[in-house]
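Student: I'm new to this one, and I'd like a close look at a single part. Could you take me through one chain and the place where a neighbour touches it?

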Amino acid sequence: MTLRQTLQNSIEGLKKDVANMADLALKNLRDSLLAFKTEDLELANKVIKVDDEVDMFEEEIAKQAIKIIWKEQPVASDLRLVTGILKLITDLERIGDHATDIAEMTLHLDKTRNLRVLPITTKMAEAVEFMVLESIKALVKVDEVKAKEVIAKDDEVDTLFQNLIDKMTSELKNDKIEANEAIYVLMVAKYFERVGDHAVNIAEWIIFMNQGTHKNTSLF
Amino acid sequence: MKTKEKQVKSHYDKIAHTTVYSLGFIGVIILTMVIIYVTMTGISLVNWDLISGDSQDINTNVYLTESQGQYIAQTNLDDDIYYSKVWGLGFIDSTDREGHAIVEIAYIHPDSPFIMSLDKNNNDENGNPVVIELTEDTAIEKAIFNNFTLFTFYTDGAEVMRDAFDQATQIDDVTVQVVGGGIRGSLITTLWMIVITLILAIPIGVSTAIYFNEFSKKSKFSDLIRTLVDMLTGVPSIIYGLLGAAVFIPLLNATGLTAGGSILSGALTMAVILLPTIIKSTEEALKIIPNDLRQGSLALGANQTQTIFKVVLPNATPGILTGVLLGIGRIMGESAALIFAVGAVTKDTVVLTERSSTLAVHIWVIMGGEAPNYELASAIAIIMLVFVFIINFVVKIFAKRLQKNMNWS
Amino acid sequence: MNKIEKQNKVVFELKNINLFYDDFQAIKDITMNINANEVTAFIGPSGCGKSTFIRILNRMNDLIPSCEITGDVLFKQKDAYNKDFDVIELRSKVGMVFQKPNPFPMSIYDNIAYGPKCQGIRDKKALDEIVESSLKKAALWNEVSDRLKKSAMSLSGGQQQRLCIARTIAMKPEVILMDEPTSALDPVSTSKIEDLINELKNDYTIVIVTHNMQQAARISDRTAFFLLGELIEFDDTTKIFSKPIHKKTEDYITGRFG
């Protein structure tokens, strides 16, 4: 006998909304990466516009989650889910913001580009895109194992970022690239790295939803 | 509901209402008529004398000292009092309780020789005749005068008696009568019967009910007993009367306290009659008390006895009193059973180990002879009604006081 | 009170308890301990046995003739069901408050003095003192101190229930059992009594049966979940309400079944 239909419906609705918000943020991120690769200025502008939607999503989901708390007084797994969601939508929204940042970088970058730096950034972009995708998959299924994989992948991103810094430093020393180009590339890479961190945060809250512990600290 | 159905229903309602009201009305009318009949027939006889007087006539023969001459009346006497100056006596016509004409002494001069008369039939230890102080309201039945003429005056009236007394110089014998027909003895007997019966029935009945309701486990046996008790409430009381005559009277005789019927045997019989009623009403009163209270008391560490006597029983008292009231009514109304278990003898001095009649039996005695005295019976009935009324009232007030203290919501 | 400082003394040890009403088994092999100065809550759906179980602790089941209990019930390490153990003594040490407030139809004073009087305390001054301190402990003194002789039935439902608590306290118990004490009361009275329970646990051990899960979450230190006569889970309240071990517990407290 299943009771509390209202609560169950509310929670299902909440999960759906979070999934939709995550999909939107991910798509925007992919578009910003693509725009950066192909220097597609029109796409970059679109990305900046779409971010408003992502922000609105965050407010809406927060509202729904708070409503569930005062209306239904959730406990146990329901409580972990709702509070976890409240926390991770912040990170989703930040990912959306970084997509905008990357798009704006794209608008600023020179047409002349040293193609030699692209492989690393491309690798970073792929890794980060993978992390966000996987974290969303983990979220939808509350999959702790997948979440842990996402967290592990962050090391790779950090390493790539460090490599890029080294590469930029040496290329600058050897005068092989323009200074402002280097700065922009580094900044874009930094944004990639931040997106990775946010994906890790999301993964950590997914683990909380399962275990009640966040970064190995019990929150109960 | 359609209109036709509504009409039919309201017709039905009207018929039902009318029937109920008229039946109730008829019942009230009949009751009122009975009370009116009894009152009108008997009210003339109801006075303090009736309540306090003896049932038997007491006849005393007195002889007098000599007349000392003239005694002038001290006060102004009414016209219907015929006053004898020679002896200082005032006579008046009156009737006794049976309706016969008698002559009463209405006034005695303080110096009249009649004041101190000598009782012919009683001598004290020294062999001297006992001096009786005669009072007003005694009747003169007959008198023997100096020429040994027996004058029976009471049928002739007060005036004739006064004239005869005036002519007498020496009075040898006067039969003085204290008129009977009073019910004092029966009244006292009724009270005793109530008290002793209740003393016997209430502890046993209440204890039995407590045992069955509080202590005994639900079993076929206790159910059986309960059914039997229910049946006993329906047994005609005359059968209990036979029980009394066959068992209690010989039992008490064997102890040597009594010889034949007695108030005690009657009380024992009545107690047996009342027992089922008291058991039942006590049990009902106990059942009504919610189990929460018992649980609350036990959870505090009281044992079952404390729970029963400090919590349950005090709250059951109104119900028990109802049973007692029913019982008192039954005692007052019981006639046939007591006739067997006690006897049908009216007495003036009430002794517990001897026979006596309650008010109901007294009525039976009066009505049972060849000349039934409706007036006297009705008078006694009035007294009984008043009595029942007073007892009901008192018990109800008592119960209300208890209720206020308990304050059931 | 800091958990480390709290003396984790065990007041009740219950081992392998089985309870039968004739042939029907109402309690199935339950083992648990009740700790001192804690509030232990029993939760579970209707008919799960929690009310039956709490009545084992003060032997109120003795009043039901068809009831049979096996297993060990140790109150402060002594067998409470032993023939030599005084039931009256047990019940004065383990008091009980019922779901429906059941004050006696007597004055407020007499209600509270009832228990001590049954124990033989007659001295008026001693009784006065007991009545006052009990009413104060039950947070009722201020409301009734001027009308102690008035009937207890004139109090409101919440006040009557606090009176019943005061009545139990007057016996100076060590444990107070409460069988759904606020389910018949309005929310304000319920809150007052929950606050009261919070204070009382400093001096007494409290076991409370409740069908209101939020109440159990609010006031208890440990919670036991009963289902069909079995003890499914018994743990710190925090654990039960954040991450219960058994799915049945999870399903019950999230309301997936009742």
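Tutor: Let's start with a yardstick: a residue is called buried if 20 or more other C-beta atoms lie within 10 Å of its own, exposed if 12 or fewer, and partly exposed in between. Keep in mind that this is a predicted model. To try the yardstick out, take F130(A), which sits in helix α4 (residues 118-141) of chain A. F130(A) has 17 C-beta neighbours inside 10 Å, so it counts as partly exposed.

Now for chain C. By the same kind of count, 46% of its 258 residues are buried. Its secondary structure adds up to 10 helices and 10 strands. The radius of gyration of chain C is 18 Å, close to the 18 Å that the globule rule gives for 258 residues, so chain C is as compact as a globular protein of that length. Along the principal axes, its C-alpha atoms fill a box of roughly 55 × 40 × 40 Å. Looking at contacts in chain C between residues at least 6 apart in sequence, 68% join residues at least 24 apart.

Then there's the neighbour. Where chains B and C meet, 18 residues come from chain B and 23 residues from chain C. On the chain B side, the elements giving two or more residues are α8 (291-299) and α9 (304-333). Of the elements there, α8(B) gives the most, with six residues. Sorted by class, that side of chain B has eight nonpolar, eight polar and two charged residues.

Notes. Residues numbered from 1 in each chain as written. Chains lettered and ligands numbered in written order. Predicted model: local features only at pLDDT ≥ 70, side-chain atom pairs only at ≥ 80, totals over all residues. Helix = DSSP H or I, 4+ residues; strand = E, 2+ residues; numbered from the N terminus. Rg over C-alpha atoms; globule rule 2.2 N^0.38 Å. Contact = placed C-beta atoms within 7 Å. Nonpolar A, V, L, I, M, F, W, Y, C, P; charged D, E, K, R; others polar.
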